[in-house]
Amino acid sequence: MAKRGGVSGHTHTQQQLDDYANQNNPNNDAYQDDLDNHADQLNPNNDEYKGEEKDDK
């Protein structure tokens, strides 16, 4: 059986554990926000992620 990823309570704070759990829970807004952000970054039609405008003057 393959080793599963995750975080350890021995090396992370409770807040870090909570954040990790929220980001990996499909019923949590943070999970959907992460998916939406990733989709936005890959979308060439999204102005927010096209990078800085270069001023050629």
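This note sets out numbered points on a predicted model.

1. Overall composition. The protein contains two helices and zero strands. Of its 57 residues, 2% are buried. The exposed area of the protein comes to about 5500 Å², and 43% of that area is supplied by carbon and sulfur atoms.

2. Negative surface patch. A patch of negative charge lies on the surface, where D29, D33, D34 and D36 gather. Helix 2 spans residues 29–42, and both D34 and D36 are placed in that helix.

3. Accessibility of D36. The relative accessible area of D36 is 37%. Because partly exposed residues fall between the limits of 20% and 50%, D36 counts as partly exposed. The 37% figure is also over the 30% that patch membership requires.

4. Accessibility and placement of D34. D34 has a relative accessibility of 45% and therefore belongs to the partly exposed class. This residue of helix 2 also stands in a spatial relation to Q23: the two are eleven residues apart along the chain, and their C-alpha atoms are separated by 7.2 Å. D34 thus appears in this note both as a member of the negative patch and as one end of the C-alpha pair with Q23.

5. The segment after helix 2. N46 is located in the segment that follows helix 2. Its relative accessibility is 14%; since the buried class is defined as under 20%, N46 counts as buried. The side chain of N46 reaches the backbone oxygen of D40, with a distance of 3.5 Å.

6. Residues set side by side. In helix 2, D34 and D36 are partly exposed, whereas N46, in the segment after that helix, is buried. The two aspartates belong to the negative patch, together with D29 and D33, while N46 has a side-chain contact to the backbone oxygen of D40.

Technical notes. Residues are numbered from 1 along each chain as its sequence is written. This is a predicted model: local features need pLDDT of at least 70, side-chain atom pairs count only at pLDDT 80 or more; totals for chains, interfaces and linings use all residues. Side-chain values use heavy atoms; hydrogens and water are left out. Patches are made of residues with over 30% relative accessible area and no salt bridge: like charges are joined within 9 Å, nonpolar side chains (Val, Leu, Ile, Met, Phe, Trp, Tyr) within 5 Å. Accessible areas come from the Shrake-Rupley method with a 1.4 Å probe; for residues, only the protein chains shown count as cover. A salt bridge is a side-chain nitrogen of Lys or Arg within 4 Å of a carboxyl oxygen of Asp or Glu. Lys and Arg count as positive and Asp and Glu as negative; His and the chain ends are not counted. The place of a charge is taken as NZ of Lys, CZ of Arg, CG of Asp or CD of Glu. Helices (H or I, at least four residues) and strands (E, at least two) are DSSP runs, numbered from the N terminus. Buried means under 20% relative accessible area, exposed over 50%, partly exposed in between (1.4 Å probe, protein chains only). A polar contact is a pair of N or O atoms within 3.5 Å; within protein, one must be able to donate a hydrogen and the other to accept it, and residues adjacent in sequence count only if both atoms are side-chain atoms.
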